Each structure stands twice: as structure tokens, then as C-alpha cells.
Amino acid sequence: MIVYNKEKVKNIQTTLYDELYVISDFDGTLTKGADNSSWASIFKNPNVSDEFVQECVKTFNYYHKFEIDNDISTKEKIELMKKWYQKNIKILKQFNITRDTIIESAKYLSFRYGTKDFLKDMYENRIPVVIVSAGVGDIIEQVLINEKSNYDNIYIYSNFFKYENNKIIGIRDNNFIHPLNKNEIIISNDLKSIILNRKKILLLGNNLYDSGMANSENNIFRVGFLDKNVEERIEEYKAFYDIVCTGNSSFFDLKELLNKK
Ligand SMILES: [Mg+2]
């Protein structure tokens, strides 16, 4: 099911391709399964030990409750998110997780139905796609390669690992992208010049924080995918998103809506 703001949909239907660019979340937005993520795909890799998985799950259970707790201030939450991500790196180092394992983990993630065609459409129409993800950049890149969708109009802002002798030693740039700072990414000058004259944004996300990935006076069309606890969350999503896609809606469903006269 797709619920939407009629005015906004009409507005995007009349938007020209050269006015537009896309800002998209990755896990659970371009990929399927609300519970799958690029981080979690590492646990699914048979090369990792049970002890490693247990340690990660313990850490997830400890920190995730803060991420979704509305009684904690944003400032406090950001500090907790930073600690969570530092802890994740510590565990990856402690268990000697290799680059090969990371790259292989990408095969445990798959695209949402229609993502491949959506990205192809964007590529053929030269619409820049900026992926902003609190997940793992190396895995996102590999999923795009596996799906033969690693087009040159796609720009990934995510957490890329730093390796030494094939082993993870940290994170590139020492700057974590976590769920609460996705609106603060620093885009490259190259990308800045590419999107300079594009004043409209198609924003795609699957949690409420994602809706804030773009915050400008630009025209932003927000599409939210809500695949879990739909009944209790739909009103909230409708407040944050112009179009809410539920029940594992595909990109074909979205395209049909946007092409509807
Ligand atoms: Mg997501």
C-alpha cells in the first residue's frame, strides 16, 4: 500500500529530470527486509565465529534501546551512538575480521524489488544518486557491484573501513556516520558542482531520522518505506514523509504512482 500527499505527488510528476537528484538511505530502503542491514550481514557470514556474533548482538541490544528511546536528548543520544560505533570497530579488530569477510558479507544482502531498475533509470537519465548510510560503505559498494548497479552517478557516504594486512584497523577519516548525523555529511566539491543547479530532491528512507537527511529550502519530496509495525507507526510516518510505502512496496509500485496521470 502507498499513502501519499496528492499535491506533492503532482509536484514531483511535473519535475524535470535535470532539476532533480536523489538522496537515499541504503539498509531497508534500497535493500529488502526491515531487519537486515549491512552491519548484520557480517554476522550471517559463516566465516565469523559464534563468539564474535554474540559480542555484536550483546552490543546491539545494549545500544539500540537508546537509539529508539524518545526520552533521551539528541545530544546524549549522539554521544551514545558514537560509543556504539567505536565499540563495533573494537569488536571487529578484536576478532581479526578481514576485508575478504567484509566483501563476502555483501552477498547476504539483496535489493528491494525494483531497486535495480530504479538505479538504472537514474543512471540513464543522469540523475545523481547520493547514498547516505550509517551502515558499512565497503558492503554497500560490493552490493552495488554484485547487483551490476555500480554506476558512476552514485555517490556513497558511509562508514568505510581502514585495513592493514587485510585486517580492519579502524574507519576511514575517523568520522562515523551514525543514524543521528546523516544530515551532517560533508559532500565533496565534485558532487557539490554536480548538484549545484538541481534544486529538487527525491529523498528515500526507512526510518524517521532519514526524513531529515536533506534540510534546505529546496523542494524535497520525501518517500518513506515502512515495512514493520505499520499500524502503530503509519501516522508518524505520514507526518514525516510525503509518500509512505508499506508492505514491502517495490520501486515499480513507486514508479507507477509517480507516472500516474
Ligand atoms: Mg535504513
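**Close-up views of a predicted model**

**Figure 1. Buried residues of helix α7.** In α7, the buried residues are Gly137, Asp138, Ile139, Ile140, Gln142, Val143 and Leu144. The model shown here and in the other views is predicted. Helix α7 covers residues 137-146, and 7 of its 10 residues are buried, so the helix is largely enclosed by the rest of the structure.

**Figure 2. Surroundings of helix α7.** Two helices, α2 (38-44) and α5 (99-105), pack against the buried residues of α7. Three strands do so as well: β3 (129-136), β4 (154-159) and β5 (161-164). Just after α7 comes lysine 148, which has a positive phi of about 50°.

**Figure 3. Asparagine 219 in strand β8.** Strand β8 is made up of residues 219-226 and includes asparagine 219. This residue counts as partly exposed because it has 15 C-beta neighbours inside 10 Å, where a buried residue would need 20 or more. Apart from neighbours within four places in sequence, asparagine 219 contacts Lys199 and Lys200. Lysine 8 is 211 residues away from asparagine 219 in sequence, yet their C-alpha atoms are 9.7 Å apart.

**Figure 4. The protein chain as the setting for the close-ups.** The protein chain contains 10 helices and 9 strands. Its radius of gyration is 18 Å, close to the 18 Å given by the globule rule for 261 residues, so the chain is as compact as a globular protein of that length. The C-alpha trace spans about 55 × 40 × 30 Å along its principal axes. Of the 261 residues, 32% count as buried. Among contacts between residues at least 6 apart in sequence, 68% join residues at least 24 apart.

How values were computed:
Residues numbered from 1 in each chain as written. Predicted model: local features only at pLDDT ≥ 70, side-chain atom pairs only at ≥ 80, totals over all residues. Buried ≥ 20, exposed ≤ 12 C-beta atoms within 10 Å, placed from the backbone. Helix = DSSP H or I, 4+ residues; strand = E, 2+ residues; numbered from the N terminus. Contact = placed C-beta atoms within 7 Å. Rg over C-alpha atoms; globule rule 2.2 N^0.38 Å.
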